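This report describes the strands, cores, salt bridges and surface of one protein model. The sequence and structure are shown first, and the description follows.

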Amino acid sequence: MPLTLLNIIQNVQNELGLPQSATVAGNTDLTTIQMFALANRMLDEMRRYHPTGWSSMMSEFQIVITTPKILIGDVTNNSPVVTNIFPNTTGIAAQFWTLAGSQIPQAARVLSVDSLTQVTLTMEATGSATQTPLTFSQDTYPYPTDYDWTQNRTQWDRTNRWELLGPDSAQMDQWHRSGIVATGPRRHWRRIGHLANQFRIWPQPAEIANPLQLAFEYLSINAIAVHGSVTASSQYFVNDDDQPFLDDQAIVMGVKYKFWEIKGFNYSNMKNEWLDYVDTLIARDEGAATLQLAKRQNPIFISPTSVQDGFFPGPVGPNAP
């Protein structure tokens, strides 16, 4: 069982020959307060020291894509306002939804929801139409609240069994949304904006698939089990009985060298011991694949790399022999 915050600080104090505190959270002793802060600083350093992320902090996030809304409404040439929407705009949110339809530019987004029957777009209509079909689609979704960073190449469209392409650069995303060739055989993704770390996909999910499900893996920023609970977590220590997901002995060793460093003592040996210990933890985390020096054999199973993106079944197209 991992040590609690109180156990960690008491171990640090004992090993440094300092008086032992009976409590940590809420303690007014300056040394205890400083060690409390260093324990949380060590969580930050350890969380980011592992180049691919600690397995104990990996999580999976699943997105069930909102079904597009097929409505009707009026659009006016050179106006971004869509009026007389039927039946209503319930569920449509500004910035997270797009609009496709007659006389609507392909990159148009919902700028504001003005009422149950009216929205304002980010682009103006290129013509006028009355009670024309309109497809509202949500292409932007918030990341999980404990999101820290993404595991590469874990973004998948599970409904269509395709790996998502991305992350797209800003240039590639604008090429899709603003250029002539807007779609392809695969769905793309990128991270954009500061509002809850927005996850945006292209093309917008106008198809009616129920459910259309996406998934990706990420590293959680939460490193603490609150009160030792298996269901409540947080980014930092708060209570005396909080327990870390990360190795408790590494935290003890890290607080020791950080405390010695701040006090102006020679901390190099302590830091080197911490680095060696954490490097060993990283090497053991999840294990490792066996590396073959001989030539690899082709896999016998069909994978996504076995299916071409275009010109199926081929060989046809401009590059055909």
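Two strands are taken to pair if DSSP finds at least two bridges between them. On that definition, strand 15 (residues 224-225) and strand 16 pair in the antiparallel sense, because 2 bridges are found between them. Within this pair, Ala225 has Ser233 of strand 16 as its bridge partner. The model examined here is predicted.

**Strand pairing**

Strands 15 and 16 belong to an open sheet of 3 strands, ordered 16-15-17 and paired antiparallel. Its edge strands are strand 16 (233-234) and strand 17 (243-244), each of which pairs on one side only.

Elsewhere, strand 7 has antiparallel pairings with strand 2 and with strand 4. Strand 2 (residues 69-75) runs antiparallel to strand 7 and is joined to it by 6 bridges; Ile70 has Thr135 of strand 7 as its bridge partner. Strand 4 (residues 97-101) is likewise antiparallel to strand 7, with 5 bridges between the two, and Gly101 is placed opposite Leu134 of strand 7. Strand 7 itself is mostly covered, with 7 of its 10 residues buried.

A further antiparallel pair consists of strand 5 (residues 110-115) and strand 6 (residues 118-121), held over 4 bridges. A hairpin of 2 residues leads from strand 5 to strand 6, and Val113 is bridged to Val119 in strand 6.

**Nonpolar cores**

In soluble globular proteins, nonpolar side chains tend to be buried together. The largest nonpolar core of this model comprises 34 residues, and Met46, Trp54, Phe237, Ile251 and Trp274 have the most contacts inside it. At least two residues of this core are supplied by each of helix 1 (5-15), helix 2, helix 4 (248-262) and helix 5 (268-284). Helix 4 gives the largest share, 8 residues.

Ile251 illustrates the packing. Leaving aside residues up to four places away in sequence, Ile251 touches Ile8, Ala39, Met42, Leu43, Met46, Phe237, Pro244 and Leu246. Apart from the largest core lies another core, of 17 residues, which includes Val75, Leu99, Val110 and Phe136.

**Salt bridges**

How many salt bridges does the structure hold? There are 13 in the structure, and three of them are described below.

| Salt bridge | N to O distance |
|---|---|
| Arg41 and Asp44 | 3.9 Å |
| Arg48 and Asp148 | 3.6 Å |
| Arg177 and Asp139 | 3.5 Å |

Arg41 and Asp44 both belong to helix 2 (residues 30-49), where they are 3 residues apart, about one turn of the helix. Are these two residues buried, partly exposed or exposed? Arg41 counts as partly exposed because its relative accessibility is 45%, which lies between the limits of 20% and 50%. Asp44, in contrast, is buried because its relative accessible area of 13% is under 20%.

The side chains of Arg48 and Asp148 also meet in a salt bridge. Arg48 lies in helix 2 and Asp148 in strand 9 (residues 147-150), so this pair ties together parts that are 100 residues apart in sequence. Asp148 is buried, at a relative accessible area of 14%.

The salt bridge between Arg177 and Asp139 links two further parts of the chain. Arg177 is in helix 3, while Asp139 is in the loop between strand 7 (129-138) and strand 8 (140-142); the pair therefore ties together parts that are 38 residues apart in sequence. Arg177 is buried at 9% relative accessibility, and Asp139 is buried at 0%.

Through shared partners, salt bridges also join Arg41, Asp44, Arg47, Arg48 and Asp148 into one network.

**A nonpolar surface patch**

Which residues make the nonpolar surface patch? Met172, Trp175, Ile180 and Val181 form it, with an area of about 470 Å². Ile180 is located in the loop between helix 3 (170-178) and strand 12 (188-192). Why does Ile180 count as exposed? The relative accessible area of Ile180 is 86%, and exposed means over 50%, so Ile180 meets the criterion.

Definitions and conventions. Residues are numbered from 1 along each chain as its sequence is written. This is a predicted model: local features need pLDDT of at least 70, side-chain atom pairs count only at pLDDT 80 or more; totals for chains, interfaces and linings use all residues. Side-chain values use heavy atoms; hydrogens and water are left out. Patches are made of residues with over 30% relative accessible area and no salt bridge: like charges are joined within 9 Å, nonpolar side chains (Val, Leu, Ile, Met, Phe, Trp, Tyr) within 5 Å. Accessible areas come from the Shrake-Rupley method with a 1.4 Å probe; for residues, only the protein chains shown count as cover. A salt bridge is a side-chain nitrogen of Lys or Arg within 4 Å of a carboxyl oxygen of Asp or Glu. Buried means under 20% relative accessible area, exposed over 50%, partly exposed in between (1.4 Å probe, protein chains only). A nonpolar core is a set of buried Ala, Val, Leu, Ile, Met, Phe, Trp, Tyr and Cys residues joined through side-chain atoms within 4.5 Å. Contact means heavy atoms within 4.5 Å.
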